[in-house]
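Hi,

Here is the structure I said I would pass on. Have a look at it first, and my notes follow underneath.

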Amino acid sequence: SSDLSPAHPTMVGVLDSQRSGHDAFAQQRLINYFVVLGPCQDSFKEEVHRIVSRRSEGGATAGTPDHGGGPAASVLKAVTLERYPAADYGDVALSPVLVHLPQFCFQDGLRVESSKPSGKSPAFLSFTLTAGNGIRLHIACLLVHERKVTKAGVFYTPKAFCLASLFPCLALFRNILAELVFA
């Protein structure tokens with residue numbers, strides 16, 4: 001029989017930490033957050049319209065790749081498409097560093113491509129962000145190019161799947177992200 005009373009040695013630390021207001025389970029979460037980043041839908045529509053206008057004016061044609069790498073290419077606004085959990089944990093807040101995630105995940109900018117970029121997708125990257133309170137969040141990111149079919153044609157945009165953790169288990173996170181995205 002198991003004794004879960006306050007006198008039980010494994011429960012004393014948990015009860016003491018709960019009394020002090022510290023989340024004793026923070027160190028027990030392997031993954032703190034799951035975040036999906038991608039283009040803002042409005043900026044995507046504007047960029048597709050710009051590409052179509054350029055094509056009709058004699059610029060890039062349907063057979064010519066419009067990689068978005070030229071000086072005329074627009075960088076789309078990145079937004080959080082999904083996030084779990086939706087609210088911050090009290091001990092490890094994501095919100096203060098969430099605004100910085102796109103600049104690390106989309107290092108070349110977030111651009112619309114008219115052909116799937118070769119050699120760029122999928123890509124795994126990792127980095128560490130330090131919050132104002134000194135907590136380090138290790139971020140594992142799988143970057144893929146998502147195919148979007150519109151009336152104007154087929155386009156590809158980057159999408160980032162991110163895991164945030166207090167633990168730098170990057171090989172494990174890479175495998176988890178690959179299984180999640182490619183399953």
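**What I found**

Let me start at a turn: glycine 134 takes a positive phi near 90° in the hairpin of β3 and β4, which has five residues between the strands. Bear in mind throughout that this is a predicted model. The two arms of that hairpin, β3 (residues 123-130) and β4 (residues 136-150), run antiparallel and are joined by eight bridges. If you want a register marker, leucine 125 has cysteine 141 in β4 as its bridge partner.

On its other pairing, β4 is joined to β5 (residues 153-165) by 13 bridges, again antiparallel. Here lysine 148 has phenylalanine 155 in β5 as its bridge partner. Lysine 148 also turns up in a cation-ring contact: its charged end sits over the ring of phenylalanine 44, 4.7 Å from the centre.

Now the whole sheet. Which strand order does it have? It reads β2-β1-β5-β4-β3, an open sheet of five strands with antiparallel pairing. The edges are β2 and β3, each of which pairs on one side only. From one strand to the next the twist averages 25°.

Two helices are worth a look against that sheet. Helix α2 (residues 41-56) packs on it and touches β1, β4 and β5, with its direction at about 150° to that of β5. Helix α5 (residues 170-182) lies across β1, β3, β4 and β5, and runs at about 20° to β4.

Next, the rings. How many aromatic pairs does a search of the whole structure find? The search gives two.

- Tyrosine 33 with tyrosine 89: the ring centres are 5.4 Å apart and the planes are at 45°, so this pair counts as tilted. Tyrosine 33 is in strand β1 (residues 33-39), while tyrosine 89 is in the loop between β2 (78-84) and α3 (95-98), so the pair ties together parts that are 56 residues apart in sequence. Tyrosine 33 is buried, at 1% relative accessible area, whereas tyrosine 89 is partly exposed at 25%.
- Phenylalanine 104 with phenylalanine 127: the centres are 5.0 Å apart and the planes are at 20°, so this one is stacked. Phenylalanine 104 belongs to helix α4 (residues 101-105) and phenylalanine 127 to strand β3, so the pair ties together parts 23 residues apart in sequence. Phenylalanine 104 is partly exposed at 28% relative accessibility, and phenylalanine 127 is buried at 12%.

Tyrosine 89 has a charged partner as well: the charged end of arginine 29 sits over its ring, 3.6 Å from the centre.

Last, the cysteines. Why does cysteine 105 not form a disulfide with cysteine 162? The closest cysteine sulfur to that of cysteine 105 is the one in cysteine 162, and at 3.5 Å it is too far for a bond, because a disulfide needs the two sulfur atoms within 2.5 Å. By that rule the count comes to zero disulfides. As for accessibility, cysteine 105 is buried, at 2%, while cysteine 169 is partly exposed, at 30%.

If you open the model, I would begin with the hairpin of β3 and β4 and glycine 134, then go on to the stacked pair of phenylalanine 104 and phenylalanine 127.

Cheers

Terms used. Residues numbered from 1 in each chain as written. Predicted model: local features only at pLDDT ≥ 70, side-chain atom pairs only at ≥ 80, totals over all residues. Heavy atoms only, no water. Pairing = 2+ DSSP bridges. Helix = DSSP H or I, 4+ residues; strand = E, 2+ residues; numbered from the N terminus. Phe/Tyr/Trp six-rings, centres within 6.5 Å; stacked < 30°, edge-to-face > 60°. Buried < 20%, exposed > 50% of the residue type's maximum accessible area, 1.4 Å probe, protein only. Lys NZ or Arg CZ within 6 Å of the ring centre and 35° of its normal. Axes fitted to C-alpha atoms, helices over the stretch in contact; angles between N-to-C directions. Contact = heavy atoms within 4.5 Å.
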